[in-house]
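Colleague: Please take one part of this model and go through it closely, starting from the loop that leads away from it and working back into the packing around it. I would like the answer as one connected account.

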Amino acid sequence: MKLYLIRHGRQASKLCNVDVELCQEGFQQAALLGQRLASEGIQIVFSSALTRAVQTAQAANLYWNVEHYMYPELNEISFGEMEGLSDEEIALRFRDFQQEQAKMEYDIPYPGGESAGDVVRRVIPVFRQIRESGYEKVAVVTHGGVIRSMTAHFLGMDMAKWRTLGTSLENCSITELNYSPRLRRYTLERFNDYAHLQPYPQLLRSAWADAEN
């Protein structure tokens, strides 16, 4: 089974993990994503319940025409007290936490929020359900924290080091995992693939924001 883990398109706010719609560029990214995967034979699409992921799935699914299911378990990692704040406010108010997190000694949760391990524990049952569904080509539209946490888990990494997997994933990038029933394990086939966006510099994160949130 192939899992195409897709980060949502560009959202209409730069504040941390607010539930907002896609901006115009986000819909453009989602359309390019849909076209990119149109020949892959996607059989079903799952998404988080957050608006930006739902709209990304809907826009891309115009090219796939398959069933779409939403799971709140696929929502972004909870940033706790940081949510709704700007990058500047976070850097000022949570400087000590960010310095401790950067050491990557422990999988510490965001203040009042989740750790990467917390994300894995809530997402694993959904992945198990997907794996047992019988589908062979599955798109999962979710979030950067979820994709990085789950990829670290399947690679057997120390969860404290999940943030070494990309400084920030591109919006509507593709991370492909392949599950082998015989070996009972996932392999990483590609990570943060955004070739469909590269001809359009205005759609890359470098044209919008540097921070991961």
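**Helix 6, helix 5 and the loop beyond**

Modeller: Cysteine 172 sits in the loop between helix 6 and strand 5, where helices (H or I, at least four residues) and strands (E, at least two) are DSSP runs numbered from the N terminus. The model is a predicted one, in which local features need pLDDT of at least 70 and side-chain atom pairs count only at pLDDT 80 or more, while totals for chains, interfaces and linings use all residues. Residues are numbered from 1 along each chain as its sequence is written, and side-chain values use heavy atoms, with hydrogens and water left out.

Although cysteine 172 is not a glycine, its phi is positive, at about 60 degrees. With 0% relative accessibility, cysteine 172 counts as buried (under 20% relative accessible area, against over 50% for exposed and partly exposed in between, using a 1.4 Å probe and protein chains only). Another positive phi, of about 75 degrees, belongs to glycine 156, just after helix 6. A further case is methionine 104, which is placed in the loop between helix 4 and helix 5 and has a phi near 55 degrees, again positive in a residue other than glycine.

Turning to helix 6 itself, 10 of its 11 residues are buried, so helix 6 is largely enclosed by the rest of the structure. The buried set runs from Gly144, Gly145, Val146, Ile147 and Arg148 through Ser149, Met150, Thr151 and Ala152, and also takes in Phe154. These buried residues pack against strand 1, helix 5, strand 4, strand 5 (174-180) and strand 6, contact being heavy atoms within 4.5 Å.

Among these partners, helix 5 deserves its own description. Helix 5 covers residues 116-131, 16 residues in total, and reaches 21 Å from its first C-alpha to its last. At valine 123 helix 5 bends by about 35 degrees, with proline 125 following within four residues; the bend is the angle between axes fitted to the seven residues ending there and the seven starting there. The buried residues of helix 5 are Ala116, Gly117, Val119, Val120, Arg122, Val123, Val126, Phe127 and Ile130, so that valine 123 is both the site of the bend and one of the buried residues. Their cover includes helix 6 (144-154) together with strand 1 (2-7), strand 2 (44-47), strand 4 (137-142) and strand 6 (185-193).

The axes of helix 5 and helix 6 come within 9 Å and cross at roughly 80 degrees, which makes helix 5 roughly perpendicular (65 to 115 degrees) to helix 6. Where the two helices meet, helix 5 contributes Ala116, Val119, Val120, Val123, Ile124 and Phe127, and helix 6 contributes Val146, Ser149, Met150, His153 and Phe154.

Strand 2, part of the cover of helix 5, also leads to tyrosine 69, a residue of strand 3 (residues 67-70). Leaving aside residues up to four places away in sequence, tyrosine 69 touches Ile44, Val45, Phe46 and Ser47, and at 37% relative accessibility tyrosine 69 counts as partly exposed. The C-alpha atoms of tyrosine 69 and valine 140 are 9.6 Å apart, although 71 residues separate the two along the chain. For glutamine 99 in helix 4 (residues 95-102), the relative accessible area is 48%, and glutamine 99 is partly exposed; its C-alpha is separated by 31 Å from that of leucine 22, 77 residues apart along the chain.

Technical notes:
Expected span 1.5 Å × (residues − 1). Axes fitted to C-alpha atoms, helices over the stretch in contact; angles between N-to-C directions. Parallel < 35°, antiparallel > 145°, perpendicular 65-115°, else oblique.
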